[in-house]
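Biologist: I have a model with a ligand in it and would like to learn how to read it. Where should we start?

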Amino acid sequence: MRAIVHDVYGTPDVLRLDEIDQPVPGRGEVLLRVRAAGVDQGVWHLMAGMPYAIRAAGFGLRAPKRRVRGLDVAGRVEAVGPDVTRFRPGDEVYGTCTGSFAQYACAKEEELAPRPARLTPEQAAVVTISGCTALQALRAGRLKSGGRVLVIGASGGVGTYAVQLAKALGAAHVTGVCSASKADLVRSLGADEVVDYACEDPTDGVHRYDLVLDIAGNRPLHRLRRALTPRGTLVMVGGETDGRWLGGYHRQLWALLLSPFVRQQLRGLASTPNPEDLRALGEFIESGSLTPALDRTYPLAEVPDAVRRLRSGHARGKIAISL
Ligand SMILES: NC(=O)c1ccc[n+]([C@@H]2O[C@H](COP(=O)([O-])OP(=O)(O)OC[C@H]3O[C@@H](n4cnc5c(N)ncnc54)[C@H](OP(=O)(O)O)[C@@H]3O)[C@@H](O)[C@H]2O)c1
């Protein structure tokens, strides 16, 4: 089968199309004929082996342990391994797997759900990682109906879900922060207000929010706190930096240390896709209150270009690979 593989960490140039053996589903796994795969910042981190903490976390110190990249997936169940009870051949599913940039991939059955009828495979393939992250961030922030929410990084993979989910969960007012060229997108997702980070500092303390989701921008903790109400909650999701060891995650550690001593709640987030959240996202999608913001699709051979577009910052929402 054809797959995108790499044997060393590096830039998108290390990714190449190759012929490799088709995987065989193990106990509790299904074999998927991949229809589409999602591209997210995690793909870049595992390709680059950066920050180094990722390598130490078991992905391979000197070289990637797994050659095929790609986690988000939508596909058709081709075969099932022993003990699989929820799916059978022919089912159309979405979720996460190991190595979705390939014609076939194996996935644990608990990492999959039936593909919502409203979504194309490409749309479904970009839901799980970013959608679960957004949902878990809003829950960690104890979003209350009627609250005011600030989403920093609202036009990206996680942010486009966070804006829609915040409204669907009852936020009274959602402010999205992004570049001017993507303000229309963020407004179309339901944001009540959009702030261009190049012209205005959303953390200048003029406006205060019950919940701040810091998905991007790498603002220091003391500035993010200025945007919070006295008992507001900050959830630090991410932020791309060139920090070689921890990336931007030292800010999350600071938040954890400081939080017990202040009235505001300061939290980091390490999201994990799970079947309950996948089901919850599916319900939002079926009800029409959540729609993936799909930027572009690329064929399998052009995964390196897809990753380059993601890192260029030009994508409006999510990027998919179509097989
Ligand atoms: N904690 C977790 O479990 C978890 C899970 C998933 C992702 N993440 C991390 O979350 C981060 C975001 O992921 P993503 O997929 O949403 O990335 P993305 O698709 O690249 O989106 C980045 C967003 O940040 C915005 N942005 C860029 N510079 C900014 C600035 N100075 N101020 C405010 N916003 C700015 C971009 O706006 P424009 O494009 O309009 O410039 C865009 O909306 C990444 O670091 C990723 O690794 C963490």
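Modeller: Start with the ligand, keeping in mind that this is a predicted model. The ligand is surrounded by 28 residues, and the closest are Ser179, Lys182, Tyr197, Glu240 and Leu269.

Biologist: Which side chains have an N or O atom at a short listed distance from an oxygen atom of the ligand, and what are the distances?

Modeller: For Ser179, a side-chain N or O atom is 2.6 Å from an oxygen atom of the ligand. For Tyr197 the corresponding distance to a ligand oxygen is 2.5 Å. Arg219 instead faces a nitrogen atom of the ligand, with a polar side-chain atom 3.1 Å from that nitrogen.

Biologist: How much of the ligand's accessible area does the protein cover?

Modeller: The ligand on its own has 930 Å² of accessible area, and the protein covers 83% of that. Helix 1 (41–48), helix 5 (157–168) and strand 9 (173–178) are the elements that give two or more residues to the shell.

Biologist: How do the shell residues divide by character, and which domains do they come from?

Modeller: There are 12 nonpolar, 13 polar and three charged residues in the shell. Domain 1 (2–127 + 292–322) and domain 2 (130–268) each supply at least three of the shell residues.

Biologist: Strand 9 was on your list. How do I read a sheet?

Modeller: Strands of a sheet pair through backbone hydrogen bonds, and the pairing is either parallel or antiparallel. Here six strands form an open sheet, in the order 10-9-8-11-12-13, with parallel pairing.

Biologist: Why is one side of strand 10 and of strand 13 left without a neighbour in the sheet?

Modeller: Strand 10 (193–196) and strand 13 (265–268) are at the edges and have a single partner strand each, so one side of each lacks a neighbour in the sheet. On average, neighbouring strands of this sheet are turned by 15 degrees against each other, direction ignored.

Biologist: How many bridges join strand 12 to strand 13?

Modeller: Four bridges join strand 12 (residues 228–236) to strand 13, and the two run parallel. Met236 has Gly268 in strand 13 as a bridge partner.

Biologist: What should I look for in the backbone angles?

Modeller: Most residues other than glycine have a negative phi, and most peptide bonds are trans. In this model, the bond from Met50 to Pro51 is cis, with omega near -5 degrees. Pro51 sits in the loop between helix 1 and helix 2 (52–59).

Biologist: Which loops hold Asp83 and Asn218?

Modeller: Asp83, with a positive phi near 70 degrees, is in the loop between strand 4 (72–80) and strand 5 (92–96). Asn218 is not a glycine either, yet has a positive phi of about 55 degrees. The loop holding Asn218 runs between strand 11 (209–214) and helix 7 (221–226).

Conventions: Residues numbered from 1 in each chain as written. Predicted model: local features only at pLDDT ≥ 70, side-chain atom pairs only at ≥ 80, totals over all residues. Heavy atoms only, no water. Near = heavy atom within 4 Å. Polar contact = N/O pair within 3.5 Å; in protein donor to acceptor, adjacent residues only side chain to side chain. Areas by Shrake-Rupley, 256 points an atom, 1.4 Å probe, with all protein chains shown as cover. Nonpolar A, V, L, I, M, F, W, Y, C, P; charged D, E, K, R; others polar. Domains from an automatic or database assignment. Pairing = 2+ DSSP bridges. Axes fitted to C-alpha atoms, helices over the stretch in contact; angles between N-to-C directions.
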